[in-house]
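These are my notebook entries on one structure. I set down what I looked up, entry by entry.

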Amino acid sequence: MTQPMVGIIMGSQSDWPTMREAADVLDELGVAYETKIVSAHRTPDRLWDYGKTAVDRGLQVIIAGAGGAAHLPGMMASKTRVPVIGIPVQTNALSGVDSLYSILQMPRGFPVATMAIGAAGAKNGGLMAAGILALQDPALAARLDAWRAALSASIPDEPTND
């Protein structure tokens, strides 16, 4: 099995349908990843351990999804130098705006690259992680370029009357 380059973490099982979008695009691009449930509030020791060991385990990017108070991406950024991409998970109470603000408002020194709320943000998080890795991996860069070209080619020049 290939060593995971990307960690996909989420605060709870209910975040997986959103975070699966990041996993799916990484699968399409042939990027090895691992998935873990790491709650900033319910499993803080797991969070600390995950962040502290990320570099030694070979992770190069972490995609962290969380809803509600959404402390996971920021707390992870405080525990590792590995770049963290935050995915605000849509919530029932405030439609994910609370999650977005929690992830966006990081203090100086602990950046989190924040994507859009929900599935589109998770997909873009996977693409962002692939783009970061592609800087040092020409084969992945070629796959990412082809993926983007295929997306562009799938868009018609003119609307249809369907």
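The entries below concern one helix and the salt bridges of the chain.

**Entry 1: the model.** I note at the outset that this is a predicted model.

**Entry 2: geometry of H1.** I looked up helix H1, which covers residues 16-29 and has 14 residues. From its first C-alpha to its last H1 reaches 20 Å, close to the 20 Å expected at 1.5 Å a residue. I then checked what comes just after H1 and found Gly 30 with a positive phi of about 70°.

**Entry 3: burial along H1.** Which residues of H1 are buried? I listed Trp 16, Thr 18, Met 19, Ala 22, Ala 23, Val 25, Leu 26 and Leu 29. I next asked what the buried residues of H1 pack against. Four strands appear in the list: S1 (6-10), S2 (33-37), S3 (61-66) and S4 (84-88). Two helices appear as well, H5 (119-134) and H6 (138-153).

**Entry 4: salt bridges between H1 and H5.** How many salt bridges does the model contain? I recorded a count of three. In one of them, Glu 21 pairs with Lys 123, and the closest N and O atoms are 3.6 Å apart. This pair links distant parts of the chain, since Glu 21 lies in helix H1 and Lys 123 in helix H5, 102 residues apart. In another, the side chains of Glu 28 and Lys 123 meet at 4.0 Å, N to O. Here too distant parts of the chain are linked: Glu 28 is in helix H1 and Lys 123 in helix H5, 95 residues apart. I therefore entered Glu 21, Glu 28 and Lys 123 as a network of salt bridges, a salt bridge being a Lys or Arg side-chain nitrogen within 4 Å of a carboxyl oxygen of Asp or Glu.

**Entry 5: exposure of that network.** I looked up accessibility for two members of the network. Glu 21 is partly exposed, because its relative accessible area is 24%. Lys 123 also counts as partly exposed, because its relative accessibility is 22%.

**Entry 6: the salt bridge of Arg 57.** Arg 57 forms a salt bridge with Glu 34, with the closest N and O atoms 2.8 Å apart. The pair links distant parts of the chain: Arg 57 sits in the loop between helix H2 (44-53) and S3, Glu 34 in strand S2, 23 residues apart. Is Glu 34 buried or exposed? I found Glu 34 buried, because its relative accessible area is 15%, under the 20% cut-off. Arg 57, at 28% relative accessibility, counts as partly exposed.

Definitions and conventions. Residues are numbered from 1 along each chain as its sequence is written. This is a predicted model: local features need pLDDT of at least 70, side-chain atom pairs count only at pLDDT 80 or more; totals for chains, interfaces and linings use all residues. Side-chain values use heavy atoms; hydrogens and water are left out. The expected span of a helix is 1.5 Å times one less than its number of residues. Buried means under 20% relative accessible area, exposed over 50%, partly exposed in between (1.4 Å probe, protein chains only). Contact means heavy atoms within 4.5 Å.
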